[in-house]
Amino acid sequence: MSSRVRLILSALISFFFYFAWSYWANSIASDDQALVLRSALVQGTLSATITLLFTFILEKLISKFGQSYLSLIFVVPIICTVYSKTKQNIAIFRSFRNALNRSAKYLSNNAIPGTLLVPLLPIAIQSSIAIGVNFINQTPNLWLTVAPSIVITAIYGYVYTFTLLAKPTEPVLSE
């Protein structure tokens with residue numbers, strides 16, 4: 001399935017699901033059918049638009065950082081200067097160097113894949129926009145309206161990321 005088809009399909013599903021969810025969630029909180037319908041249209045349109053943006057950003061980030069790893073080793077400043085050749089400073093310097101070498105060796109086998117961090121930026125953007133737009137719209141049941149969107153978007157982001165990365169690369173045909 002091409003990237004464009006994935007974008008359009010995910011936006012349509014998002015629109016219809018969140019339109020229905022918002023309609024139900026806000027009809028519980030208000031008898032004003034015009035406000036409930038407007039809130040459902042706002043949430044459905046917002047979700048479809050954000051899904052397009054979210055999926056686009058996610059695909060770009062996956063292509064850039066999907067195969068990267070982040071090492072958790074932090075550089076510890078060396079407090080022992082090379083000028084001072086006392087036994088204590090040399091011992092402290094060796095201890096730091098030994099600790100850094102052991103940490104680097106351990107963490108080289110236990111690095112965090114970049115795929116765990118890739119969805120965080122689109123999730124933060126989506127959450128901020130969803131809360132802001134629904135707040136401006138004066139959605140009657142704001143948190144019930146946006147909470148599922150944020151949670152499902154986070155799940156979608158990780159599933160989408162791992163699905164794209166799990167695809168085997170197609171071999172190049174030689175002629």
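A residue counts as exposed when its relative accessible area is over 50%, as buried when that value is under 20%, and as partly exposed in between. Keep that scale in mind as we walk through this predicted model. Glutamine 138 makes a good starting point: its relative accessible area is 63%, so it is exposed. You will find this residue in the loop between helix H4 (120–136) and H5. Its backbone deserves a look too, since phi of glutamine 138 is positive, near 60 degrees, although the residue is not a glycine. As background, most residues other than glycine have a negative phi.

Let us step back to the whole chain. It holds five helices and two strands, and reading from the N terminus the order is α-α-β-α-β-α-α. Of the 175 residues, 30% are buried. The chain exposes about 11,700 Å², with 69% of that supplied by carbon and sulfur atoms. If you take the contacts between residues at least 6 apart in sequence, 80% of them join residues at least 24 apart.

How far can each part be trusted? The mean pLDDT of the chain is 76, and 73% of the residues reach 70 or more. Confidence is highest in helix H1 (residues 3–29), at 88, and lowest in strand E1 (residues 69–70), at a mean of 51. Two stretches have pLDDT below 50, and their contacts beyond near neighbours in sequence can be set side by side: residues 70–82 have 19 such contacts in the model, while residues 170–175 have zero.

Now follow the chain past glutamine 138 into helix H5, which covers residues 142–166. With 25 residues at 1.5 Å a residue, H5 should span 36 Å, and its end C-alpha atoms are indeed 36 Å apart, so expectation and model agree. Part of this helix is covered: the buried residues of H5 are Leu142, Thr145, Val146, Pro148, Ser149, Thr153, Gly157, Tyr160, Thr161 and Leu164.

Other residues of H5 contribute to the surface. A nonpolar patch of about 440 Å² is formed there by Val151, Ile152, Ile155 and Val159 together with Phe17. Helix H5 gives the most to this patch, with four residues. Take isoleucine 152, which lies in H5, as an example. Is this patch member exposed or partly exposed? Its relative accessibility is 38%, so isoleucine 152 counts as partly exposed, in the range between the 20% and 50% cut-offs.

How values were computed: Residues are numbered from 1 along each chain as its sequence is written. This is a predicted model: local features need pLDDT of at least 70, side-chain atom pairs count only at pLDDT 80 or more; totals for chains, interfaces and linings use all residues. Side-chain values use heavy atoms; hydrogens and water are left out. Patches are made of residues with over 30% relative accessible area and no salt bridge: like charges are joined within 9 Å, nonpolar side chains (Val, Leu, Ile, Met, Phe, Trp, Tyr) within 5 Å. Accessible areas come from the Shrake-Rupley method with a 1.4 Å probe; for residues, only the protein chains shown count as cover. A salt bridge is a side-chain nitrogen of Lys or Arg within 4 Å of a carboxyl oxygen of Asp or Glu. Buried means under 20% relative accessible area, exposed over 50%, partly exposed in between (1.4 Å probe, protein chains only). The expected span of a helix is 1.5 Å times one less than its number of residues. pLDDT is the predictor's confidence in each residue, from 0 to 100. Contact means heavy atoms within 4.5 Å.
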